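Biologist: Please choose one small part of this model for a close look, and then follow the chain outwards from there until the rest of the fold is in view.

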Amino acid sequence: MSSDAVVLEAIDVHKAFGGVQAVNGTSLRAARGRITGLIGPNGAGKSTMIGLLSGALQPDRGTVRLLGQDVTHLPNWRRARLGLIRTFQVSREFGRMTVLENLMVAQTPQRGESFVLAAFAPRLWKEEEAARLEQARAILDRFQLSHLEDEYAANLSGGQKRLLEMARALMANPKILLLDEPMAGVNPTLAQELAGHIESLRDEGMTILLIEHELRLVERLCDPVVVMAQGRVLAEGTMDELRRNEEVVKAYLVG
Ligand code: ADP
Ligand code: MG
């Protein structure tokens, strides 16, 4: 893989929580324009990896590189400005805000100068707000949430909250998305719909790292797939290749 095809890379990262070695020397890469799958049994260290890649967690050892830059010691908001945005295994919308407001307060790629602009350059600020509103409405339209823009987020169904979570992530104009089980707990029809959205993003050139349990969805979306177990990478390949890998089958694909 040529180096500019690698958007995000973990090199031999380690993370322990007390006595638990959650991530134990893991290296993985997310290639531009692909959906890299991350699978493995519960407790394998997948969510911890997302935390280490996004900057929510600091590794005890190892390196994280984003777009060719060493970001190991950058906090998550600095990585977000570089274009790395994550979603959470449990949705984190603001229930007492409307759907549209949830998008308007989502992470911005700008430098948080809105206050300064509002005070000293009100016209510019208004233009920026208008552009943001237009972007928010376009994203809601994309996820077919437009009719819900004035609804309180708390009143959305579980599946709609999942869509909102992705919509919020897109407000930051990400270059890479880390999605931690975005289909968890939604019905199969909606899971397929979410998968369709993830596919379209990929087709538009987005780089995605996707944690997912449902292997049929992984098969449909992900290439390559990285298998983690006990904090380490057990194997990597297409789903087809992994099915022929005895170690993977034993550790994960059955029981
Ligand atoms: P996965 O997402 O693959 O299910 P996690 O990364 O959530 O796995 O967890 C890996 C291991 O690290 C588990 O044993 C889990 O209990 C432990 N762990 C994860 N986060 C924490 C934490 N904040 N404090 C203590 N232990 C944790
Ligand atoms: Mg997890």
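**Close look at one loop**

Modeller: P224 is found in the loop between α8 and β9, where helices (DSSP runs of H or I, at least four residues) and strands (DSSP runs of E, at least two) are numbered from the N terminus. The peptide bond that joins D223 to P224 is cis, with omega at about 5 degrees. This is a predicted model, in which local features need pLDDT of at least 70 and side-chain atom pairs count only at pLDDT 80 or more, whereas totals for chains, interfaces and linings use all residues. Residues are numbered from 1 along each chain as its sequence is written, chains are lettered from A and ligands numbered from 1 in the order in which they are written, and side-chain values use heavy atoms, with hydrogens and water left out.

On one side of that loop is strand β9 (residues 225-229), which pairs with β10 in the antiparallel sense over five bridges; two strands pair if DSSP finds at least two bridges between them. Within this pair, V227 has A235 of β10 as its bridge partner. Both strands belong to an open sheet of six, ordered β6-β7-β8-β3-β9-β10, in which the pairing is mixed. Because β6 and β10 (232-237) each have a single partner strand, they stand at the edges and one side of each is left without a neighbour in the sheet. From one strand to the next the twist averages 20 degrees, an angle taken between N-to-C directions on a scale of 0 to 180 degrees, with axes fitted to C-alpha atoms, for helices over the stretch in contact.

On the other side, α8 (215-221) and α7 (188-203) each supply at least two residues to the lining of the second largest pocket. A pocket is an open set of points on a 1 Å grid over the protein atoms alone, where a 1.4 Å probe fits, with protein on both sides within 12 Å along at least five of seven lines, and lining residues have an atom within 4 Å of a point. The volume of this second pocket is about 160 Å³, counted as the space filled by probe spheres set on points joined across faces, edges and corners. Among its lining residues are M183, P188, E212, L217 and R220. By class, that lining has five nonpolar, one polar and four charged residues, with Ala, Val, Leu, Ile, Met, Phe, Trp, Tyr, Cys and Pro counted as nonpolar, Asp, Glu, Lys and Arg as charged, and the others, Gly among them, as polar.

The largest pocket holds about 380 Å³ of space. It is lined by 17 residues, of which I85, R86, F88, Q107 and R168 are the closest to its centre, and the elements giving two or more residues to the lining are α2 (76-82), β6 (84-87) and α6 (158-170). Edge strand β6 provides the largest share, four residues. Q144 lies in the loop between α5 (122-142) and α6; although Q144 is not a glycine, its phi is positive, at about 50 degrees.

A second open sheet has four strands in the order β2-β1-β4-β5, with antiparallel pairing. Its edge strands, β2 (20-31) and β5 (69-70), each pair on one side only. Helix α1 (residues 46-54) packs on this sheet, where it touches β1 (6-17), β2 and β4 (contact means heavy atoms within 4.5 Å), and its direction makes about 120 degrees with that of β1. Nine bridges join β1 to β2 in the antiparallel sense, with R29 of β2 as the bridge partner of E9. The hairpin of these two strands has two residues between them, and there G18 takes a positive phi near 55 degrees. Strand β4 (residues 61-66) runs antiparallel to β5, to which two bridges join it, and L66 has Q69 of β5 as its bridge partner.

Taken whole, the chain has ten helices and ten strands. Its radius of gyration, taken over C-alpha atoms, is 19 Å, close to the 18 Å that the globule rule gives for 255 residues, so the chain is as compact as a globular protein of that length; the rule is 2.2 Å times the number of residues to the power 0.38. Along the principal axes the C-alpha trace spans about 60 × 40 × 35 Å.
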